[in-house]
2 protein chains.
Amino acid sequence: MSEPHFRRATAADLEAIVALLADDVLGASRENASPAVGQCYRAAFAEIDADPNQFLCVVEHAQRIVGTLQLTFIPGLSRSGTKRGQIEAVRIARDRRGGKLGEAMLAWAISECRAHGCSLVQLTTDKARPDAHRFYDRLGFEPTHIGYKLNI
Amino acid sequence: MSEPHFRRATAADLEAIVALLADDVLGASRENASPAVGQCYRAAFAEIDADPNQFLCVVEHAQRIVGTLQLTFIPGLSRSGTKRGQIEAVRIARDRRGGKLGEAMLAWAISECRAHGCSLVQLTTDKARPDAHRFYDRLGFEPTHIGYKLNI
């Protein structure tokens with residue numbers, strides 16, 4: 001069986017990515033997965049695509065997009081000038097959850113962050129995602145922080 | 001009395017910023033605030049300064065740098081294409097803590113994020129910073145997430 005293939009997303013992937021974002025317990029109320037992908041997603045994609053410190057990734061397997069995540073490479077002064085790799089919007093197709101795809105995606109993400117000079121990887125997960133917490137705990141991530149959000 | 005002045009940091013501010021980062025219960029062991037600011041900080045500053053989605057801010061008051069924070073503007077697809085403003089490395093000079101400077105800095109940060117098209121502001125704080133938690137709770141931030149980190 002072929003291996004999953006990781007690559008940078010193109011505009012042609014947008015509909016599949018939005019479908020993954022929406023097929024999620026929290027995403028269902030936040031996303032609009034209508035077949036005609038809205039202008040809000042196209043505009044956001046254009047900004048991501050133009051920024052060399054963003055890597056919106058899709059995972060292809062058997063001619064199908066089965067996962068997505070976004071990396072942001074953040075230069076910073078703190079921790080003696082450590083560059084951080086931030087992971088957002090990790091989603092896996094419903095019928096591929098619970099397998100080894102998540103591990104492969106995180107291993108890819110960590111390797112890509114290292115290649116971009118990061119020595120720290122960070123992410124937040126909603127407190128309402130206990131499965132995700134077990135997953136990141138198992139991979140050695142440390143839940144040292146509280147993640148605050150404010151809609152403005 | 002004059003108001004604090006918020007502006008983009010320049011290379012000339014680097015020593016003052018690193019001193020603020022180091023004068024912190026967690027930063028003390030992570031930073032090197034020797035007067036000859038190390039190459040690691042200069043290289044990180046150059047990367048921050050070259051990235052239009054980073055805003056490393058210093059707060060000046062009475063001819064002195066009394067605070068710093070870093071904003072990162074992150075375009076993304078999730079939440080219907082919401083752009084996020086991320087706040088990192090918030091520090092206030094020891095003799096100015098407990099006053100109103102923190103509120104002023106967050107108000108400035110939120111306004112700047114809005115001006116950059118963000119509709120969500122996010123940050124993480126170490127679980128070992130209870131004063132910071134009370135501060136962000138008071139400002140209306142919601143502690144909805146767990147913040148994971150992994151050194152790589």
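Over all chains of this predicted model, the count comes to 18 salt bridges. Four of these salt bridges are found across the interface of chain A and chain B. The table lists some of the pairs.

| Residue 1 | Residue 2 | N to O distance |
|---|---|---|
| Asp13(A) | Arg7(A) | 2.8 Å |
| Lys83(B) | Glu47(A) | 2.9 Å |
| Arg84(A) | Glu88(B) | 3.2 Å |
| Glu103(A) | Lys100(A) | 3.8 Å |

**Salt bridges within chain A**

Asp13(A) and Arg7(A) meet through their side chains. Asp13(A) has a relative accessibility of 5% and therefore counts as buried. A network of salt bridges links Arg7(A), Asp13(A) and Glu60(A).

In the salt bridge between Glu103(A) and Lys100(A), the closest N and O atoms are 3.8 Å apart. Glu103(A) is buried, at 18% relative accessibility, under the 20% cut-off. Lys100(A) is exposed, at 64%.

**Salt bridges between the chains**

Lys83(B) forms a salt bridge with Glu47(A), with 2.9 Å between the closest N and O atoms. Another salt bridge brings together the side chains of Arg84(A) and Glu88(B), at 3.2 Å from N to O. Arg84(A) belongs to strand S4 of chain A and Glu88(B) to strand S4 of chain B, so this pair joins two chains. Arg84(A) is buried, with a relative accessible area of 7%, and Glu88(B) is buried too, with 12%.

**The interface**

The contact between the chains involves 61 residues from chain A and 61 residues from chain B. The area buried between chain A and chain B is about 5700 Å². Carbon and sulfur atoms give 56% of that area. On the side of chain A, the residues that lose the most area to chain B are Leu77(A), Tyr148(A) and Ile152(A), which together make up 17% of what that side buries.

**The sheet**

Twelve strands form an open sheet with mixed pairing. Their order is S1(A)-S2(A)-S3(A)-S4(A)-S5(A)-S6(B)-S6(A)-S5(B)-S4(B)-S3(B)-S2(B)-S1(B). The edges are strand S1 (5-8) of chain A and strand S1 (5-8) of chain B, each of which pairs on one side only. From one strand to the next, the twist averages 30 degrees. Strands of a sheet pair through backbone hydrogen bonds, in either the parallel or the antiparallel sense.

Strand S6 (residues 142-151) of chain A runs antiparallel to S6(B), and five bridges join the two. Here the bridge partner of Glu142(A) is Lys149(B). S6(A) also pairs with S5(B), over seven bridges and again in the antiparallel sense. In S5(B), Leu123(B) stands opposite Tyr148(A), and Tyr148(A) is also among the residues of chain A that lose the most area to chain B.

Within chain B, strand S4 (residues 84-92) and strand S5 (residues 120-126) run parallel and are joined by three bridges. Arg84(B) stands opposite Leu120(B) of S5(B).

**Helix H4 in each chain**

Helix H4 (residues 101-115) of chain A lies across S1, strand S2 (54-61), strand S3 (64-74), strand S4 (84-92) and strand S5 (120-126) of chain A, together with strand S6 (142-151) of chain B. H4 of chain A runs at about 30 degrees to S3(A).

In chain B, helix H4 (residues 101-115) has 15 residues, which at 1.5 Å a residue should span 21 Å. The end C-alpha atoms of this helix are 21 Å apart, which agrees with the expected span. The buried residues of H4(B) are Leu101(B), Gly102(B), Glu103(B), Met105(B), Leu106(B), Trp108(B), Ala109(B), Ile110(B), Glu112(B) and Cys113(B). Gly117(B), which follows H4(B), has a positive phi near 85 degrees.

**The loop between S2 and S3 of chain B**

Positive phi values also occur at residues other than glycine, including Ala62(B), with phi near 50 degrees. Ala62(B) lies in the loop between strand S2 (54-61) and strand S3 (64-74) of chain B, and is exposed, with a relative accessible area of 63%. Gln63(B) is found in the loop between S2 and S3 of chain B. Gln63(B) is not a glycine, yet has a positive phi of about 60 degrees. At 82% relative accessibility, Gln63(B) is exposed, over the 50% cut-off.

Terms used:
Residues numbered from 1 in each chain as written. Chains lettered and ligands numbered in written order. Predicted model: local features only at pLDDT ≥ 70, side-chain atom pairs only at ≥ 80, totals over all residues. Heavy atoms only, no water. Helix = DSSP H or I, 4+ residues; strand = E, 2+ residues; numbered from the N terminus. Expected span 1.5 Å × (residues − 1). Buried < 20%, exposed > 50% of the residue type's maximum accessible area, 1.4 Å probe, protein only. Pairing = 2+ DSSP bridges. Axes fitted to C-alpha atoms, helices over the stretch in contact; angles between N-to-C directions. Contact = heavy atoms within 4.5 Å. Buried area = accessible area lost by both parts, 1.4 Å probe. Salt bridge = Lys/Arg side-chain N within 4 Å of Asp/Glu carboxyl O.
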